[in-house]
Structure formats: structure tokens, C-alpha cells
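Trainee: Please pick one part of this model and look at it closely with me. I would like to follow the backbone there, and then see what else is worth noticing.

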Amino acid sequence: MNAAIRSIVRVGLQRGLRMVGVHHGYSGLIAGDFIELRAFSVSNIIQRGGTMLKTDRSKEFRTPEGRQRAADQMRRIGLDALIVLGGNGTFQGGHIFSTEHNIPIVGVPSTIDNDLYGTDWTIGYDTAVNTAIYNIDKIRDTADALERTFYIEVMGRATGFIALDVGLASGAEYISIPEKETKLEVLLELFNRQRVTKRSNIIIVAEGEDEGGAMNLAQRVKAANGMDYRVTILGHIQRGGSPTARDRILASRLGAFAVDTIIAGGRSTMVGEMNGHLETVPLIDSFTKSKTIDGALIELSDLLSM
Ligand code: F6P
């Protein structure tokens with residue numbers, strides 16, 4: 001997100017706009033927690049994870065009174081438009097706010113989950129996937145040396161985008177995602193077949209899959225075939241760290257495009273990248289329509305995990 005903030009601020013200034021940052025997300029908007037941003041304010045942040053502006057999940061912004069206060073704060077200091085960085089929740093709030101108060105809002109898709117319709121990639125996703133793979137490669141060494149089965153749970157909310165890419169790239173023996181039914185008998189059959197050739201396994205489990213996470217799945221397999229296991233929940237390690245080049249470039253492009261979309265009259269709009277091109281979609285579509293997972297990747301992962 002820092003790379004996007006840097007791009008928004010510097011492109012906005014070059015286009016002759018006044019740029020103001022809001023600390024702590026919608027909570028800061030309600031409180032009027034603003035900061036004037038200059039080109040140097042965003043120096044030395046492109047390589048840092050997180051956000052220099054901090055963030056929050058504001059309960060008050062979910063109420064009409066909270067949103068009224070936020071609109072009053074913006075008008076008080078003469079702000080005409082808002083660029084919001086976030087995922088599902090941020091965009092839902094942004095869309096209501098824009099419609100209720102006639103304030104132009106452009107959303108920059110920023111979530112590790114990659115679960116927003118209207119963009120092939122969200123900012124943070126590539127870094128999260130690479131962080132997971134980096135750590136799973138290390139776990140693989142123990143799995144291999146001790147001939148163990150590891151169930152590794154990755155984030156992704158209700159979707160399996162992270163799990164599928166992580167599973168494919170780390171050579172997982174099985175990937176359990178919400179978009180595909182996890183059949184216990186398939187997993188048992190896989191372990192059975194492997195007994196002669198292979199004794200270590202990496203099973204990637206999306207946090208949102210229907211078996212209830214890595215621990216549940218591991219216990220169900222053990223109850224059926226007695227197979228010992230270890231569980232690793234990667235957790236928030238996936239949400240931090242220095243961003244990959246791909247994320248920095250995506251964030252820089254989307255940030256600049258968000259400014260130009262505001263100038264071009266965007267109202268409640270999300271900027272995204274589709275098939276390599278910068279595109280806009282109505283903000284409401286980003287969270288009401290669903291993005292489909294690539295079925296060919298699921299088939300490939302089934303083929304490769306022998
Ligand atoms: O939406 C991003 C995400 O990291 C999800 O993958 C995860 O389910 C959730 O946020 C974790 O949220 P929190 O930091 O509030 O526990």
C-alpha cells in the first residue's frame with residue numbers, strides 16, 4: 001500500500017492537486033485526522049510493508065451518523081474526492097459514502113486475498129504468495145528429513161486464490177480450497193498410493209475451505225488412517241514484509257491511474273488491471289460480483305500432485 005500512496009501523492013501533485021492523507025482509515029476520516037502530503041512525505045516508503053497512514057476497521061463508519069461526520073470533515077478542509085485503498089469492506093463503505101454524500105471515490109484494490117471482481121491482481125497478493133512459498137520451502141526440509149505430513153493453512157478469507165497459487169508453486173501434494181470439494185476419500189487414496197514411493201507430504205489448506213481449516217482436516221485423516229501429522233498456520237506473516245517488485249509496480253500503476261480516474265470524473269469506481277491493461281469497474285461490482293478461480297490451475301494441481 002505504501003507504493004500506491006507514494007504514486008497517488010506524487011502523480012496528484014504533478015497534476016496540480018492538493019494531496020491530503022487520512023490517518024487510520026475511515027476512523028481518521030470521521031475524526032478529521034488529516035495530514036498534508038508533499039513529494040518528500042512519501043520518500044523511502046516504497047520498500048516497506050503495511051501503510052504509513054495506518055489503518056483501521058471502523059464501526060462508526062457503518063452508521064449514517066458516522067458517515068455524515070466524515071463528509072463534514074472533508075468539506076471542512078475543502079477535500080473534493082477520496083481515494084481508498086483496501087478490499088471488500090473498504091469498498092462497501094466507500095460505495096455507500098459516495099452515493100449518500102455525492103463524493104467522488106476511487107478504490108485501489110489492496111488485499112492479499114485477491115478476491116475482488118474487476119482486477120486480475122490486488123496489491124499485496126504477490127507478496128503474500130511469495131512469503132508463503134518462502135516459508136513452506138523451509139518446512140519442506142523437515143517434512144522430507146523426518147518423513148512427515150504437514151498441513152499448512154494459508155489466508156484468503158472465503159476464497160482459495162492464495163492457496164491454489166501457493167500449492168502449485170510449492171509443489172504441494174494436495175490443495176484444499178473452498179472452490180473445490182475436499183473429498184476425504186481422495187486424500188486417503190492419495191496417501192495410500194504414496195506409501196511405497198513417498199513418505200513426506202505438504203497439504204495446503206485455505207483458511208476458508210469447508211473442512212474447517214488445517215487442524216480439522218489433519219485430525220479427520222488421522223482418525224481414518226492413523227497418519228501422524230504436523231500443522232502450521234502461516235497467519236499474519238503473509239500480510240507483512242517488503243513487497244515484491246510485481247506488487248510495487250502494480251501499486252505504482254494503479255495509484256497513478258486512480259488519480260487520473262478522479263480527474264476524469266470517476267464517482268464510485270475501482271481501478272484494476274485486467275489482461276495487463278488498466279481498467280475501471282463500478283465500485284459496487286468489485287464486491288457484489290464474484291471473481292472465479294482458474295479451473296485450469298485446479299486441474300493442473302491435481303495432475304501434478306502424485
Ligand atoms: O483480508 C485479508 C485477511 O488477511 C484475510 O486473509 C484474513 O482472513 C483476515 O484478513 C485476517 O484479519 P485480521 O487481521 O483481522 O485477523
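Mentor: N275 counts as exposed because its relative accessibility is 70% (exposed is over 50%, buried under 20% and partly exposed in between, with a 1.4 Å probe and protein chains only). Please keep in mind that this is a predicted model, where local features need pLDDT of at least 70, side-chain atom pairs need 80 or more, and totals for chains, interfaces and linings use all residues. Residues are numbered from 1 along each chain as its sequence is written, and side-chain values use heavy atoms, without hydrogens or water.

Follow the backbone into the loop between β9 (268-274) and β10 (277-282), and there you find N275 (strands are DSSP E runs of at least two residues, helices H or I runs of at least four, numbered from the N terminus). N275 is not a glycine, yet its phi is positive, near 50 degrees. Most residues other than glycine have a negative phi.

Now turn to N102, in the loop between α4 (88-101) and β4 (105-109). N102 also has a positive phi, about 55 degrees, without being a glycine. With a relative accessibility of 57%, N102 counts as exposed.

Finally, glance at the ligand. Residues around the ligand include R57, D113 and G156 (each has a heavy atom within 4 Å). One ligand oxygen atom is 2.5 Å from a side-chain N or O atom of R57, and for D113 such a distance is 2.6 Å. At G156, a polar backbone atom is 3.2 Å from a ligand oxygen.

Technical notes
Polar contact = N/O pair within 3.5 Å; in protein donor to acceptor, adjacent residues only side chain to side chain.
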